[in-house]
Amino acid sequence: MHTIKLAVFDMAGTTVNENNIVYKTVQKVINDLGYEVSLDQVLEYGAGKEKHQAITDVLTNCTASKEVKKEAATAFAAFKPALELAYDTLDIDTFKGMLAFFKALRKQDIYVVLNTGYDEKTATKLLAKLEWNVGEDIDMLITADDVENGRPAPDMIQKAMNAFGVTDPAEVLKAGDSEIDIIEGKNANCGLTVGVLSGAQTREQLEKANPDYILNTLTELEALLIKS
């Protein structure tokens, strides 16, 4: 087991229990164009990605669209207000024991960073709704707006490493509920990559990326990371 100094966790489906609201919203704005894309298809091709890219990839892989770029732009323009409305009106919660887990990691001098394919406005609003505070409950939030290249590029993980002076990627853990989270971690050469079954994708889908561990929930990591 590597000594972990930095843990980078995905938000929706990994640390935040939002019942796939974001992907149901992606499904809605695509189907409003006249398609019949299933939620399973959205999760397969869009999970974990910056949301414009997710919409583009779902249209490319699941429809016969001949104007993917134009239709993706239309759907993405509808996506942001639709998701904002969903987050304003629906209950959002954390998975059980998440704040205590963060506290235990930080007590062991492991930095806790959340990263996400959301834009900054959405992610910040979500944190506020959960009453999670940067500097108190987590050490940093990194969104798709903060980097040039979204997942599966390693930019967000490398930004976190630079922020906390972690130079060896073997000391970094990346965990998420989608295959692309795991690929992101591998592209950053993380010492540990972990898939969780609490969100978007199935065990079979996560196994395609060959993570070091697949866990039911993120908090199961405590047994691996916390020294007695």
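Which residues of helix H7 (residues 155–164) are buried? In this predicted model, select H7 and colour by accessibility: Asp155, Met156, Ile157, Ala160 and Met161 are the buried ones. Next, display the surroundings of these side chains. The buried residues of H7 pack against strands E1, E4 and E5, together with strand E6 (172–176) and helix H8 (179–187). Just after H7, select glycine 165, which takes a positive phi of about 65°.

From H7, proceed to one of its partners, strand E4 (residues 111–115). Of the 5 residues of E4, 4 are buried, so this strand is largely enclosed by the rest of the structure. Add strand E1 (residues 6–10) to the selection: E1 and E4 pair in the parallel sense over 5 bridges, and valine 8 stands opposite valine 113 in E4. Then add strand E5 (residues 140–142), which pairs with E4, also in the parallel sense, over 3 bridges. Here valine 113 stands opposite methionine 140 in E5. To follow the connection, show helix H6 (residues 120–130); E4, H6 and E5 make a right-handed β-α-β unit.

The final stop is a pair of helices. Two packed helices are described by the angle between their axes and the distance between the axes. Select helix H1 (residues 21–31) and helix H2 (residues 39–46), which pack at an angle of about 110° with their axes 9 Å apart. H1 and H2 are therefore roughly perpendicular to each other. Display the side chains at the contact: Tyr23, Lys24, Val26 and Gln27 in H1 meet Leu39, Val42, Leu43 and Gly46 in H2. By class, this contact of H1 with H2 has 5 nonpolar, 2 polar and 1 charged residues.

Note on methods:
Residues numbered from 1 in each chain as written. Predicted model: local features only at pLDDT ≥ 70, side-chain atom pairs only at ≥ 80, totals over all residues. Heavy atoms only, no water. Buried < 20%, exposed > 50% of the residue type's maximum accessible area, 1.4 Å probe, protein only. Helix = DSSP H or I, 4+ residues; strand = E, 2+ residues; numbered from the N terminus. Pairing = 2+ DSSP bridges. Right-handed = clockwise from strand over helix to strand, strands pointing away. Contact = heavy atoms within 4.5 Å. Axes fitted to C-alpha atoms, helices over the stretch in contact; angles between N-to-C directions. Parallel < 35°, antiparallel > 145°, perpendicular 65-115°, else oblique. Nonpolar A, V, L, I, M, F, W, Y, C, P; charged D, E, K, R; others polar.
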